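Colleague: I am new to this one and would like to learn how to read it. Could you walk me through a few features?

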Amino acid sequence: MTFQPIKFYQTGTFTVGNRLLDPSQRSVQSHRDRSNAINSGHRACQGCGEALGARYAVDAAMDATNSQLIAANATGCLEVFTTPYPESSWQLPWMHSLFGNAAAIGTGIAAALKAKGRSDVRVIAQGGDGGTTDIGFACLSGMFERNDDVLYICYDNEAYMNTGVQRSSATPPAARTATTMPVGPEPGNAFGQGKYVPAIAMAHDIPYVATASVAYLRDLEAKVKRAMEFRGARYIHIYVPCPLGWGTASHDTIRIARLAHETGLFPLFEAEYGELVSSLPIRKQQPVEEYLKPQRRFAHLFGAKPRADLIAKIQARADTNILKYRQLQREEV
Amino acid sequence: MDKPFAITLDPGSSLANHTGTWRTSRPQYVDRLPPCNGACPSGENIQGWLYHAESGDYEQAWRVLTLDNPLPAVMGRVCYHPCETSCNRGQLDNAVGINSVERFLGDEAIRRGWKFDAPAESSGKKVLIVGAGPSGLSAAYQLARAGHRVEIHEAGPMTGGMMRFGIPKYRLPRDVLAAEVQRILDLGIVLKLNTKVANIETSMRAGEFNAAFLAVGAHIGRRAYIPAGDAAHILDAVSVLRSMEGEEKPKLGRRVVVYGGGNTAIDVARTARRLGATETVIVYRRTREKMPAHDFEVEEALQEGIMIKWLSTIKQADAGSLILEKMALDDTGFPQPTGEFETIAADSLILALGQDVDLSLLNGVSGLEVRDGVVQVASNMMTGHPGIFAGGDMVPSERTVTVGIGHGKKAARHIDAWLRGTTYEPAAKHELAAFNMLHPWYYSDAPKTVRPMLDIIRRQTSFDEVQGGLDQGNALFEARRCLSCGNCFECDNCYGVCPDNAVIKLGPGKRFKFNFDYCKGCGMCANECPCGAIKMIPEEI
């Protein structure tokens with residue numbers, strides 16, 4: 001990781017701030033003058049992971065670029081809840097066009113800035129998992145392939161939440177959505193389908209790819225900051241639980257995100273030029289049941305007829321991730 | 001229209017949207033009672049002073065600590081730290097070494113010569129304190145700081161009471177005790193040594209005192225009937241420990257037997273070992289589990305080569321030998337004689353069977369109630385006689401220094417109120433911060449710092465202090481292991497995790513407040529608060 005590990009035995013570096021730390025070593029979110037890129041009054045649901053993840057990421061990007069930042073945004077929850085015309089919660093220049101073209105808009109802004117000689121202004125493009133992994137995928141892959149100077153951030157809540165929880169290619173196996181109902185011998189979303197865009201991004205050999213989570217703020221901020229040190233195409237995939245679509249309590253958003261990492265279902269890592277360069281190790285590994293049980297979208301795996309076979313298949317996916325992305329290895333300091 | 005191309009409306013901020021109206025429950029910052037504070041017999045605000053120690057402000061930590069207890073260097077050595085037993089961190093790895101940090105602060109204060117703040121404005125009232133032990137000193141300190149004129153009458157030749165005459169030097173070096181007592185006396189307290197109060201009412205009239213606090217302790221060693229030969233050498237533990245303070249050390253011989261199972265028995269056995277006894281045996285009629293002495297003290301005694309005979313009573317004492325009878329526990333857990341005897345060699349027998357209170361100073365005082373050899377007091381520490389309060393070992397209590405200091409403080413508060421014609425109402429206790437209210441994921445692993453112990457050979461032959469202290473570095477480490485249960489320590493978590501920016505950070509030391517215009521009541525702040533200082537309460541709808 002690029003941030004200095006600081007040992008404070010009371011809280012380590014796990015809390016947002018720490019009064020015992022020098023202000024320069026504290027997280028962006030702990031500062032009273034953070035940019036609050038998404039202002040209060042937005043219409044996200046109670047406990048929205050995406051609203052939180054987007055503020056974490058964009059505040060960090062603003063901090064890293066001296067607030068010289070332009071954002072392009074795909075259609076999706078993030079766009080709808082922040083910007084019901086003519087209101088907006090955004091505290092930076094922000095542009096929305098279509099569901100599928102956020103990456104292309106980002107490319108266009110970057111090209112315009114280049115033409116104007118404004119190398120100080122940086123560009124991010126962002127969208128949900130639907131706008132990234134399905135609808136916007138062609139533009140995104142093109143942006144990677146051309147190595148355009150854009151940081152693309154995907155806020156992954158594993159379905160189309162804005163339109164009523166329909167399956168996306170980021171929806172995990174066995175999850176209930178409006179289009180993958182928990183009926184039949186293989187209830188919920190099918191196994192073996194979907195795509196894992198972080199790996200696809202790595203396959204483009206772009207300068208920087210990372211996964212992050214709302215449960216690991218300091219790690220997330222360090223990754224955004226690191227991404228801003230590169231020129232060219234960069235991709236960060238942020239895990240943002242959705243209380244409404246997943247059927248979880250609004251206060252459990254961060255807990256669920258933490259469990260996703262601790263079970264191995266959502267590995268946290270960084271890759272540069274197609275190579276894995278670091279992993280955030282799991283502090284205490286948990287069985288996948290701990291993650292699945294609190295979510296109503298997986299309720300059909302438990303209950304009167306528990307589906308131990310499907311849980312075992314999900315556990316196998318987690319175990320594969322842990323090995324593949326070195327989630328149990330201690331980081332060398 | 002001077003808007004740019006294709007723009008027809010002004011962009012409006014979302015701030016006009018008061019999303020607080022969505023809320024069905026609201027977060028509230030609370031202060032809960034940390035279990036250490038709840039367990040402290042002296043009522044110390046432990047979490048409060050650790051907070052200052054964590055940032056390295058040891059003087060402020062010491063000042064907060066000494067609001068409740070003027071003897072931290074003593075307490076950091078002799079207290080049995082029920083705070084650590086109840087510490088929530090004990091359920092995570094090990095309890096915070098509160099006692100060792102307290103000692104560090106006490107030693108630091110002595111080293112740097114920190115003094116107490118000058119007393120408040122004088123009240124013109126006069127209080128007599130009888131006894132210069134922990135309870136009397138604690139009351140004197142609190143009353144002096146409240147502005148009363150205080151006079152201590154002590155029967156003995158030195159201050160400290162059982163801290164000096166009951167606790168051996170290897171647990172409490174006398175220079176430490178002297179320094180802390182002197183700092184209390186420096187508040188302008190009049191001390192009269194070798195002044196035994198024969199009758200409390202007479203002394204109060206003679207000195208024109210408005211109130212009195214009695215804390216004479218329990219100094220009379222309890223005897224048991226043991227048939228003894230003429231030449232048998234039988235002593236009591238309190239006298240042995242007391243004579244350690246004099247010029248002439250007690251002569252105990254090479255083989256010493258101690259009878260009893262409390263902390264005093266352990267203290268006197270370890271003292272005998274240091275005086276040169278080659279064989280020291282503690283005889284106790286029940287088992288180790290039933291022994292009232294604290295387990296770590298038993299362990300330290302065993303390490304020093306002291307032997308313990310469990311389930312034994314002494315039937316007869318003769319010159320040079322004792323006859324023991326073996327006991328067996330019956331179904332109810334009481335020891336019963338077995339009729340099996342053994343003889344062991346002993347040059348002296350020391351009885352450590354408990355202590356009684358010398359109540360002669362109360363003769364003829366009206367309204368007093370004495371039960372089981374101790375004075376009964378009301379919840380305000382006042383005896384049945386108005387204006388006479390009592391505390392420490394002479395009232396019903398667990399007889400420890402910590403309890404004594406707590407009694408002194410409590411009595412002082414009530415005496416102060418009584419002298420001013422009011423009553424003292426203690427603030428309502430906060431809800432206990434139980435372990436399940438915390439979010440321990442946020443705390444990193446950090447095992448307890450082990451205090452250095454003196455080499456075993458020097459423990460057996462000298463009165464040097466057995467347990468060492470912490471230094472600046474590891475005291476800071478230890479203080480920072482505190483979880484700050486139930487009390488905000490400004491970790492910024494609530495400020496960070498709110499998806500609606502509805503937490504306002506007020507700046508260092510000022511904590512946070514909620515912006516209820518925008519708080520949707522999701523409860524994330526309460527759920528992610530490491531120390532359980534936020535509570536969700538339902539909105540009235």
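**Reading the model step by step**

Modeller: Gladly! Chain A holds 11 helices and nine strands. Please keep in mind that this is a predicted model.

Colleague: How compact is chain A for its 333 residues?

Modeller: Its radius of gyration is 19 Å, close to the 20 Å that the globule rule gives for 333 residues, so chain A is as compact as a globular protein of that length. Along the principal axes, the C-alpha atoms of chain A fill a box of roughly 65 × 45 × 40 Å.

Colleague: Let's turn to helix packing. What describes two packed helices?

Modeller: The angle between their axes and the distance between the axes. Take α12 (residues 263-274) and α13 (residues 295-303), both of chain B: they pack at an angle of about 20 degrees, with axes 10 Å apart. Angles under 35 degrees count as roughly parallel, and α12(B) and α13(B) are therefore roughly parallel to each other. The crossing of α12(B) past α13(B) is left-handed.

Colleague: Which residues make that contact?

Modeller: From α12(B) come Asn263(B), Ile266(B), Ala269(B) and Arg270(B), and from α13(B) come Glu297(B), Val298(B) and Ala301(B). Sorted by class, the contact of α12(B) with α13(B) has four nonpolar, one polar and two charged residues.

Colleague: May I try another pair? At what angle do α6 and α16 of chain B cross?

Modeller: At roughly 135 degrees: the axes of α6 (residues 98-112) and α16 (residues 472-479) of chain B come within 9 Å. These two helices, α6(B) and α16(B), are therefore oblique to each other. Here too you can read a handedness, as α6(B) passes α16(B) in a left-handed crossing. In α6(B), Ser100(B), Val101(B) and Phe104(B) meet Ala475(B), Glu478(B) and Ala479(B) of α16(B). The residues of this contact of α6(B) with α16(B) divide into four nonpolar, one polar and one charged.

Colleague: And sheets? In what order do the strands of the open sheet of three strands in chain B lie?

Modeller: The order is β12-β13-β14, with antiparallel pairing. The edges are β12 (312-318) and β14 (335-345) of chain B; each has a single partner strand, so one side of each is left without a neighbour in the sheet. On average, neighbouring strands of this sheet are turned by 25 degrees against each other, direction ignored.

Colleague: How many bridges join β12(B) to β13 of chain B?

Modeller: Six bridges join β12(B) to β13 (residues 321-329) of chain B, and these strands run antiparallel. To find the pairing in the model, look at Thr313(B), which stands opposite Glu325(B) in β13(B).

Conventions
Residues are numbered from 1 along each chain as its sequence is written. Chains are lettered from A and ligands numbered from 1 in the order in which they are written. This is a predicted model: local features need pLDDT of at least 70, side-chain atom pairs count only at pLDDT 80 or more; totals for chains, interfaces and linings use all residues. Axes are lines fitted to C-alpha atoms, for helices over the stretch in contact, and angles run from 0 to 180 degrees between N-to-C directions. Helices (H or I, at least four residues) and strands (E, at least two) are DSSP runs, numbered from the N terminus. Angles under 35 degrees count as roughly parallel, over 145 as roughly antiparallel, 65 to 115 as roughly perpendicular and the rest as oblique. A crossing is left-handed if the near helix is turned anticlockwise from the far one by less than a right angle, and right-handed if clockwise. Two residues are in contact if their C-beta atoms, placed from the backbone, lie within 7 Å. Ala, Val, Leu, Ile, Met, Phe, Trp, Tyr, Cys and Pro count as nonpolar, Asp, Glu, Lys and Arg as charged, and the others, Gly among them, as polar. Two strands pair if DSSP finds at least two bridges between them. The radius of gyration is taken over C-alpha atoms; the globule rule is 2.2 Å times the number of residues to the power 0.38.
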